[in-house]
Amino acid sequence: MTETDAGATAVAVRLRSVRRLYRDVVALDGVDLAVRAGSFVAIMGPSGSGKSTLLQCAAGLDRPTSGSVEVGGTELTGLSERRRTLLRRDRIGFVFQSFNLIPSLSAAQNVALPGRLAGRRPSRTQVHAALDRVGLAGRAGHRPGELSGGQQQRVALARALVSRPAVLFGDEPTGALDTVTSRHVLALLRELVNGEGQTTVMVTHDPVAASYADRVVFLVDGRVESELAGPDVEEVAGRMAALEGRRTGGVRAGAEAAGGAGSVRADGEAARRTGSVHADTETVGRTDSVHADTETARHTDSVHAHAETARRTDSVHAHAETARHTDSVHADTEAVGR
Ligand SMILES: Nc1ncnc2c1ncn2[C@@H]1O[C@H](COP(=O)(O)OP(=O)(O)O)[C@@H](O)[C@H]1O
Ligand SMILES: [Mg+2]
């Protein structure tokens with residue numbers, strides 16, 4: 001980690017002219033982006049605008065076709081597969097919409113798993129500290145099925161944070177959570193940024209989620225279209241409505257987001273300022289919808305597929321939902337496999 005030059009300490013992630021082509025599809029079309037260390041950036045944009053591709057290139061899960069990516073002062077471009085895997089393991093945390101926890105393992109075992117698979121088992125103290133940071137110190141022995149959706153995502157967060165990564169990436173981390181639970185996870189993310197300077201980059205389609213960030217970057221057709229600093233829910237919703245409308249010819253989705261946003265704005269702003277976010281998660285976790293979600297998740301193929309895959313990889317970042325992830329999982333296996 002070359003943290004010595006002044007630029008590296010100020011900028012945690014830097015993309016320069018990043019292009020990513022899938023055959024004839026231009027997923028990213030020359031993205032320049034710098035994320036300040038200790039800041040919280042949200043990435044928004046219409047479906048298919050390249051958000052996930054951007055996040056995966058930035059996190060070293062995918063390689064740009066051209067351009068460069070720097071994380072924590074290390075240039076990823078040109079690193080061997082193995083070096084990239086090691087950098088991901090040591091410097092990068094990733095959470096997905098689906099929590100990707102192994103159902104048969106306890107919260108603590110899930111948090112310890114990536115390190116264990118990489119031959120660097122974290123100490124009990126480290127695992128418990130990570131669970132404590134997400135407010136789950138008392139749940140270390142619980143299995144995912146015994147936890148609410150929000151608690152499961154917090155276990156996934158603890159797993160991503162246990163290595164003290166330079167950057168935490170989240171691809172729709174609250175996408176599978178109900179509104180109230182989602183706010184708790186967002187407030188926790190905000191708290192990690194405020195309290196610990198945890199650089200965070202999150203893809204979201206939810207204007208309320210984006211309002212927790214310091215800055216919102218809007219992508220359209222693989223390009224940075226615009227940005228908002230100190231985003232306000234209605235402003236973000238309005239911007240998204242305009243972007244969606246431009247693509248689809250209708251503004252309904254965006255307008256609905258804007259309509260719903262007003263009522264929760266106060267909540268979002270209050271959450272941003274409060275120090276503690278863990279208090280009522282217990283109650284929230286007992287709602288039917290959360291349990292329904294948990295039940296479903298337990299039975300989906302993707303969870304089982306993931307469990308299979310994770311056993312063979314160094315990285316529980318693996319996600320069975322997209323073929324792309326499967327590729328990077330196999331790459332990891334080969335790079336790290338002994
Ligand atoms: N593995 C892939 N193979 C081919 N095309 C892909 C692949 N992944 C993404 N794309 C395409 O790249 C574009 C951007 O996708 P993505 O980054 O997933 O967008 P978003 O996350 O904003 O919805 C889309 O047109 C998508 O169809
Ligand atoms: Mg996506």
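**Helix α2 and the ligand**

I began with helix α2 in this predicted model, and found it mostly covered, since 8 of its 8 residues are buried. I wrote down the buried residues of α2 as Lys51, Ser52, Thr53, Leu54, Leu55, Gln56, Cys57 and Ala58. After α2 I came to Gly60, whose phi is positive, near 75°.

I then looked up what lies around ligand 1, and counted 13 residues surrounding it, of which the closest are Tyr22, Ala27, Lys51, Ser52 and Thr53. The elements that contribute two or more residues to this shell are β2 (25-36), α2 (51-58) and α14 (323-336). Which of them gives the most to the shell around ligand 1? My entry is α2, with 3 residues. Sorted by character, the shell around ligand 1 holds 4 nonpolar, 7 polar and 2 charged residues.

**The sheet of 4 strands**

As β2 had come up at the ligand, I followed this strand into its sheet, which is open, has 4 strands in the order β2-β1-β4-β5, and is paired antiparallel. I noted that β2 and β5 (74-75) are the edge strands, and that each has a single partner strand, so one side of each has no neighbour in the sheet. Within this sheet I checked the pair formed by β1 (residues 11-22) and β4 (residues 66-71), which run antiparallel and are joined by 5 bridges. For Arg14 I looked up the bridge partner in β4, and it is Glu70.

**The sheet of 6 strands**

I turned next to a second open sheet, in which 6 strands follow the order β6-β7-β8-β3-β9-β10 and the pairing is mixed. Its edge strands are β6 (92-95) and β10 (223-229), each of which pairs on one side only. From one strand to the next, I recorded an average twist of 20°.

Here I checked β7 (residues 167-171) against β8 (residues 199-203), and found that these strands run parallel, with 5 bridges between them. For Asp171, the bridge partner in β8 is Val203. I also noted that helix α6 (residues 149-161) packs on this sheet and touches β6 and β7, with its direction at about 165° to that of β6.

**Gly93 in β6**

I singled out Gly93, which is found in strand β6, and asked myself whether Gly93 is buried or exposed. Gly93 has 26 other C-beta atoms within 10 Å, and therefore counts as buried, the cut-off being 20 or more. Leaving aside the neighbours within four places in sequence, I listed the contacts of Gly93 as Ala160, Leu161, Ser163, Pro165, Leu168 and Phe169. For one of these contacts, Leu168, I looked up the separation from Gly93, and the two are 75 residues apart in sequence but 4.5 Å apart in space, C-alpha to C-alpha.

**Helices α4 and α6**

Having met α6 on the sheet, I looked at how helix α4 (residues 107-117) packs with α6, and noted an angle of about 35° with the axes 8 Å apart. The crossing of α4 past α6 is right-handed. In this contact, Ala107, Asn110, Val111 and Pro114 of α4 meet Val155, Ala158 and Arg159 of α6. I sorted the residues of the contact into 5 nonpolar, 1 polar and 1 charged.

Helix α4 is mostly covered, with 9 of its 11 residues buried. I listed the buried residues of α4 as Ala107, Ala108, Asn110, Val111, Ala112, Leu113, Pro114, Gly115 and Leu117. After α4 comes Gly119, and the phi of Gly119 is positive, near 75°.

**Val208 in α8**

I also looked up Val208, which is found in helix α8 (residues 207-210). Because Val208 has 24 C-beta neighbours inside 10 Å, this residue counts as buried. Val208 lies 28 residues from Val236 in sequence and 8.3 Å from Val236 in space, C-alpha to C-alpha.

**The protein as a whole**

Last, I noted the totals for the protein, which contains 14 helices and 10 strands. Of its 338 residues, 50% are buried. I also took down that, among contacts with a separation of 6 or more, 68% join residues 24 or more positions apart.

Note on methods:
Residues numbered from 1 in each chain as written. Chains lettered and ligands numbered in written order. Predicted model: local features only at pLDDT ≥ 70, side-chain atom pairs only at ≥ 80, totals over all residues. Near = placed C-beta within 6 Å. Nonpolar A, V, L, I, M, F, W, Y, C, P; charged D, E, K, R; others polar. Pairing = 2+ DSSP bridges. Buried ≥ 20, exposed ≤ 12 C-beta atoms within 10 Å, placed from the backbone. Axes fitted to C-alpha atoms, helices over the stretch in contact; angles between N-to-C directions. Contact = placed C-beta atoms within 7 Å. Left-handed = near helix turned anticlockwise from the far one by under 90°.
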